[in-house]
Amino acid sequence: MKTQQIQEKIVQKIIKQMETAGKNWTKPWNEIGGMPKNIRGTFYKGINTFILWSEMLDKGYKQRTFATFKQIQEKGGKVNKGEKGCQVVFWKPTEYKTGEKDDSGDDVYKKSLICKFYYVFNLDQTDLLEDDINPIVGEAEELPSVEEYIKNTGADIRIDDSKYKNACYYVPSKDYIGMVSKDYFKSTKAGGSATANYYATLLHELTHWTGHESRLDRNYKAKYFDDVHKYAFEELVAELGSVLQTQMLGINSAPTEHAAQYLNIWLGRIKEKPDLFFKASAMAQKAVTYIQDLQKKETKKAA
Ligand SMILES: [Zn+2]
């Protein structure tokens with residue numbers, strides 16, 4: 001009974017948060033694959049993005065970092081024999097004398113941009129790897145009690161950082177959770193620390209896991225992904241389940257803006273039934289209770 005009251009309280013808090021958080025949700029982990037970037041790890045802008053992106057697709061490059069010949073040398077690498085660079089443009093701000101004088105007789109300068117071209121190579125054209133250049137710094141910490149909590153469920157969790165699996169998900173047909181490793185998670189303004197973002201995501205997937213037909217059976221079989229309402233509803237359940245657990249496990253002190261934004265997106269896709277949010281929250285509470293019951297069983301076994 002007490003647990004239920006805590007859960008209700010948390011749901012009230014998240015509703016409040018949703019009113020102000022908007023829908024500007026972004027992934028809390030660093031993208032693996034995706035847009036081209038330079039050696040400092042910043043993304044190319046404008047036309048260069050398109051030039052390099054199409055180059056990546058054309059040539060089938062698996063890495064997305066590009067660098068000049070000199071930059072590759074500076075990192076201790078070599079461009080492979082026979083490789084050709086790709087031309088990108090760079091606008092350099094400059095000042096030039098107009099030849100005119102102002103009222104006090106000083107030279108008048110004008111600002112302008114000079115277009116410069118230079119050549120860059122994809123790291124696949126060199127002996128360097130992305131990890132040599134921008135080593136991933138794992139910010140997220142391990143929380144032993146939470147690890148234990150997750151382990152006690154017996155869920156099949158597969159950590160997969162292979163370059164093109166840029167997602168965290170649950171696969172109902174095979175009943176496993178796919179996760180990007182902790183190292184890729186970053187801290188975000190809306191979500192909080194990298195640690196909180198990692199566990200919030202994992203607990204979201206773990207809530208999906210409770211819906212499997214062998215557990216609470218939230219009817220994944222019935223064309224789950226084709227039905228936008230069913231899908232949106234399940235996303236509400238999963239995210240609310242995550243909010244409940246991150247609060248109860250003490251990972252976050254309040255529901256994050258990030259969670260509220262995510263809920264707002266999915267709630268926006270369910271038009272016809274305003275009471276669906278409360279149904280989703282009841283389902284989420286059931287899911288969390290299910291996971292908590294698994295903890296008790298484990299404790300009993302151990303005793
Ligand atoms: Zn989900």
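At what angle do the axes of helix H1 and helix H8 cross? In this predicted model, the crossing comes out at roughly 80°, with the axes of H1 (residues 2–21) and H8 (residues 257–268) coming within 8 Å. Angles of 65 to 115 degrees count as roughly perpendicular, so that is the label H1 and H8 get. On the H1 side, the residues involved are Ile14, Gln17, Met18 and Ala21. They meet Glu257, Ala259, Ala260, Gln261, Leu263 and Asn264 of H8. Sorted by class, this contact of H1 with H8 is made up of six nonpolar, three polar and one charged residues.

Next come the sheets. As a general matter, strands of a sheet pair through backbone hydrogen bonds, and the pairing can be parallel or antiparallel.

One open sheet has three strands, lined up as E1-E3-E2 with antiparallel pairing. Why is one side of E1 and of E2 left without a neighbour in the sheet? Strand E1 (66–67) and strand E2 (86–101) sit at the edges and have a single partner strand each, so one side of each has no neighbour there. Between E1 and strand E3 (residues 107–122), the antiparallel pairing runs over two bridges. Phe66 has Asn122 of E3 as its bridge partner. E2 and E3, for their part, are joined in the antiparallel sense over 13 bridges, and Lys101 is found opposite Asp107 in E3. The hairpin of E2 and E3 has five residues between the strands, and Gly105 takes a positive phi near 85° in that hairpin. Helix H2 (residues 46–59) lies across E1, E2 and E3, and its direction is at about 160° to E2.

Another open sheet of three strands follows the order E4-E6-E5, and here the pairing is mixed. Strand E4 (157–159) and strand E5 (169–171) are the edge strands, each pairing on one side only. From one strand to the next, the twist averages 25°. Where does the mixed pairing come from? E4 and E6 run parallel and are joined by three bridges, whereas E5 and strand E6 (residues 176–179) run antiparallel, with three bridges of their own. Taking specific positions, Ile159 stands opposite Met179 in E6, and Tyr170 faces Ile177 in E6. The hairpin of E5 and E6 has four residues between the strands, and Asp175 has a positive phi near 55° there.

Which side chains along E6 are buried? The side chains alternate along this strand: Ile177 and Met179 point to one face and are buried. Tyr176 and Gly178 point to the other face and are not buried. Ile177 is thus a residue with two entries in this account: it is buried, and it stands opposite Tyr170. Met179 reads in a similar way, being buried and paired off against Ile159.

Key: Residues are numbered from 1 along each chain as its sequence is written. This is a predicted model: local features need pLDDT of at least 70, side-chain atom pairs count only at pLDDT 80 or more; totals for chains, interfaces and linings use all residues. Two strands pair if DSSP finds at least two bridges between them. Two residues are in contact if their C-beta atoms, placed from the backbone, lie within 7 Å. Axes are lines fitted to C-alpha atoms, for helices over the stretch in contact, and angles run from 0 to 180 degrees between N-to-C directions. A residue is buried if 20 or more other C-beta atoms lie within 10 Å of its own, exposed if 12 or fewer, and partly exposed in between; C-beta atoms are placed from the backbone. Angles under 35 degrees count as roughly parallel, over 145 as roughly antiparallel, 65 to 115 as roughly perpendicular and the rest as oblique. Ala, Val, Leu, Ile, Met, Phe, Trp, Tyr, Cys and Pro count as nonpolar, Asp, Glu, Lys and Arg as charged, and the others, Gly among them, as polar.
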